[in-house]
Structure formats: C-alpha cells, structure tokens
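Visitor: I would like a close look at one part of this protein, a place where two helices meet. Please take me through it slowly, and then set it within the whole chain.

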Amino acid sequence: GFHLQRLQPAFDVFDLGVAAAGEPHGGVQQRHEESVEHVARLLLVDRDGNHADVAREPHTLLFLGRLEEEKGVFVLIQALARLAGVRPQLKVIIAGEGDVEGVRTAAIAAGVAGRVELPGWVAGAAKARLLARSGIFVLPSRFEGVPMAVLEAQAAGLPVVATRVGGIPQVVIEGYSGRLAEPDDVASLVAALKPLLADAAE
C-alpha cells in the first residue's frame, strides 16, 4: 500500500491547482502531466499496463471514494440506468466505504443491480488492479479540491469523467484527459460519458 505523506510531493508539483489557475493553458497542462507522472511512480502504477493478468474492460466505469450523496454516487447510478439500454456491456465498480446499502437499494430501484459491483474500500494492489481493469474513471462530486483519486486514475492511463467543481477543471482538461459534467445533473453526466463509451465501442 501507500501512505498519504508519500503523496505530498505530487501535490507540491501541482500546488493543488491553485497557483496553476492563473497560468497559461500550456503551463497548467505541463504541471498536470508532471504531477500525474509523479503519482504514477509513487503508486507503482505502470501507465502502459503492468497487470498482464488483468484484462482491460472498456465499458467498466470505476468510482473510488466515499459512498455518499455529496460524491454523486446516486447520480452515477441514475446515469448508468439511462445508458444501460444502449450499452449492454456497461457496468460500474463503486469502491469505498459509506452508504453501501443505500447504493445497493438505489441500483435495485433503477434496475441496474446486476451492473453494479460494490467491493468496499480498496487500497494498494487491490486498487491498482481495479484501475488496470476499468475503462473510465468517474467522479461526479458536488464539491472537491484536487482529488487524489483523479490523479491516480490518470496515472493508470484512464480517461476521467468528473464534475466541474473545485480544482477538477485544472486537472481534467476537457477533450484532452477526460470530460467534465455539471454536479447533480444526470443528463450532463450521461452526455459526458457518451463519447468515451462510443470510443470504447470502436
């Protein structure tokens, strides 16, 4: 596993996106890439895939975080339900602690219980395997700073779909490293996911 204090240099490289807010786009992008590479080294995640026994599943979404309304997990369930009809292989791994029963109940009510995996809190090798397996990382939070989970996903080479809040727009560059959606907006999340899922289908 790893410890948060070991990840501090990555934040030092990127200054939590605050200093970057006034930089030209190229400067932000370069600092972002340096930060992601630093996190990759700290997490021992090979962006080119160091998990030969783990098959990438392009239509598997991954959420890492606390299972609560503020993190947008229930919006994610609703988005999954809307997309399920046109993406039969689509599923989501929702990994973390919190309102597990609430998420399970919401998935049942939305008719997507069979498409939702709830492995609980993961770290270290277990987290690395989920990052290697998944095709898209999703974080539809209401509030964030610069989430470490987003940097971890990018270090693993995943496109990110996240909300346009806090420092996220500084690290998720629209059309370059992912897509941005509005918080608490199922339709916006669906619209952000669709082009990435279309790429995965090709």
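Guide: In this predicted model, residues 24 or more positions apart account for 66% of the contacts with a separation of 6 or more, and with that in mind we can turn to one pairing of helices. Two packed helices are described by the angle between their axes and the distance between the axes. Here the pair is helix α3, residues 73-84, and helix α4, residues 100-110, whose axes come within 10 Å and cross at roughly 20 degrees. Because angles under 35 degrees count as roughly parallel, α3 is described as roughly parallel to α4, and the crossing in which α3 passes α4 is right-handed.

On the α3 side, the contact is made by V73, F74, I77 and A81, while α4 contributes G102, V103, A106, A107 and A110. Sorted by class, the residues in this contact of α3 with α4 are eight nonpolar and one polar, with no charged residues; the polar one is G102 of α4, because Gly is counted in the polar class.

As for the setting, the secondary structure of the protein comprises eight helices and six strands, and, read from the N terminus, the elements follow the order α-α-β-α-β-α-β-α-β-α-β-α-β-α. The protein has 202 residues, of which 49% count as buried, and the surface it exposes comes to about 9300 Å², with carbon and sulfur atoms supplying 52% of that area.

How values were computed: Residues are numbered from 1 along each chain as its sequence is written. This is a predicted model: local features need pLDDT of at least 70, side-chain atom pairs count only at pLDDT 80 or more; totals for chains, interfaces and linings use all residues. Side-chain values use heavy atoms; hydrogens and water are left out. Axes are lines fitted to C-alpha atoms, for helices over the stretch in contact, and angles run from 0 to 180 degrees between N-to-C directions. Helices (H or I, at least four residues) and strands (E, at least two) are DSSP runs, numbered from the N terminus. Angles under 35 degrees count as roughly parallel, over 145 as roughly antiparallel, 65 to 115 as roughly perpendicular and the rest as oblique. A crossing is left-handed if the near helix is turned anticlockwise from the far one by less than a right angle, and right-handed if clockwise. Contact means heavy atoms within 4.5 Å. Buried means under 20% relative accessible area, exposed over 50%, partly exposed in between (1.4 Å probe, protein chains only). Accessible areas come from the Shrake-Rupley method with a 1.4 Å probe; for residues, only the protein chains shown count as cover.
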